[in-house]
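Trainee: I would like to understand the terms we use for this model. Could you take me through them?
Mentor: Gladly, let's have a look together.

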Amino acid sequence: MSVDMETFKQFAQMLPHLGENAQVTQRSDAERVGSAKEQFLRKLDNRMAIELESCIHCGHCASACHFYTGTEDPKYVPIRKLDLLKRVYRREVSPLRWLHRLYTDDITVKDLQEWQELVYDSCTECGRCSMVCPMGINIASMVNVMRQGMARADLMPRELMGMEQEQGEHESLFGVGPEQMQGAIAKLQATGIDIPLNKDRADILVTTSVIDLILFTDGLIATAKVMNHLGVNWTLRSDGYEAANFGLLSGCERVQRKSSARLIAAAKACGARTVIIPECGHAYPSMRWEAANDHKQRLAFEVLSISEFLGRELKSGRLRLNKLGRQRKVTFHDPCKIARHSGVIDEPRWVLDALGVDFREVDSGKELNWCCGGGAGVFLINSASDLRQKAFQIKMGQVAKTGADSVVTACGSCRLNFLNGKMRAGWDKEVESLVEMVAEALPGN
């Protein structure tokens, strides 16, 4: 089911106000620069040092970047976004630092303020540049280090700062905390949807996000229907349900660890062997790849995205679906963090095949899929609005070539950006959720 555009417009009206409650610390320029450099140096290791020295200026990263391609502005060349990190490396720890200090300027707060646009507004950390780099430079991971330095200097965008502070200090997002979450679930239960909340023992812990609670409610309902249809022992828990991690998006490591710790504790409390991440691109790597490193221990459970889970259940024969029909002409948008970063590429296509729809693959799809332009929190940054739309036009062109009537995705952030792009461009394509299509095709539904 596609979301009602009027409902989306009401949600979108909140976004320009996200940064109004951000608490900005008053600090001197020297303190901000010192904090950023300290973080850069803390994260610099041998791998990064080699990569920072390896660029051969071939330009492949530029041609792979949706922000550069959408604007043709050389300041958006991906490798350039690492210049401040490279300057700190060369001046402070490189073997020839004594020489570099003679002609390499130290970074300033003005530099940091200028680079805020480059590492937040104009980078979704999609990783496409890293994939095509002939030298194997992981630009996306080092942009994240740049964000961490910015966060330590309190120079992140106000929108992400406000969200990170709300999640870190109040355990809520958009004003929705555990109490509001339980109220939202109670309303869904009252309509006859069986959603087991706060079970003491469960094999599967299903997580959700505030976006599903306040906007994409059908996605949460669909997930519940699938779990109940499969007859698995599952639960949602109010002490660990929010999959979105604004610490990861903003670069604030403290909040990143705190947010993942809640989910780890909730899974431990109910003995879950599997944690399901909802349709949320960045939420998957924040638990699947980052959480174990953040807490320096192996996770006691398996982490699966909902699209990955659906694909596995289909292949095992436990999940059977009715055909939705070839009259539905669809294409699929691979969320960057789930597909390119994490390798979940075949599973959603298994699902679409089982649904019997007329599936049309985009050019440069799968692991080379173009980002929608709104990931890594960019959708929420007001100053990135026009830039984001220019990047989104690449997706519009891709979809148009397929002749599909709708775009299916498995990421709420992508879905938000598609809906926003649709609204701004007057686009005629529908935007659909993979898990909602599955629920629609369940036998007996």
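Mentor: Keep in mind that this is a predicted model. It holds five cavities of 30 Å³ or more, and the largest cavity has a volume of about 220 Å³.

Trainee: Why is the largest one called a cavity and not a pocket?
Mentor: A cavity is a set of points where a 1.4 Å probe fits but cannot get out, whereas a pocket is an open set, so the word cavity tells you that the probe is shut in.

Trainee: Which residues line the largest cavity close to its centre?
Mentor: Of its 20 lining residues, Ile211, Phe246, His282, Ser413 and Leu416 are the closest to the centre.

Trainee: What makes helix H21 stand out in that lining?
Mentor: H21 gives the largest share, three residues. Helices H13 (210-214), H15 (246-250) and H21 (412-425) each supply at least two.

Trainee: How many lining residues are nonpolar, polar and charged?
Mentor: The lining of the largest cavity has twelve nonpolar, seven polar and one charged.

Trainee: Now the helix pair. How do you know that H2 and H10 are in contact?
Mentor: Contact means heavy atoms within 4.5 Å. On the H2 side the contact is made by Ser35, Ala36, Glu38, Gln39, Phe40, Arg42 and Lys43, and on the H10 side by Val145, Met146, Gln148, Gly149 and Arg152. By class, this contact has four nonpolar, four polar and four charged residues.

Trainee: And how do the axes of H2 and H10 cross?
Mentor: The axes of H2 (residues 29-43) and H10 (residues 139-152) come within 7 Å and cross at roughly 145°. The crossing is right-handed.

Notes:
Residues numbered from 1 in each chain as written. Predicted model: local features only at pLDDT ≥ 70, side-chain atom pairs only at ≥ 80, totals over all residues. Heavy atoms only, no water. 1 Å grid on protein atoms, 1.4 Å probe; cavity = no way out; pocket = protein on both sides within 12 Å on 5 of 7 lines; lining within 4 Å. Points joined across faces, edges and corners; volume = space filled by probe spheres on them. Helix = DSSP H or I, 4+ residues; strand = E, 2+ residues; numbered from the N terminus. Nonpolar A, V, L, I, M, F, W, Y, C, P; charged D, E, K, R; others polar. Axes fitted to C-alpha atoms, helices over the stretch in contact; angles between N-to-C directions. Left-handed = near helix turned anticlockwise from the far one by under 90°.
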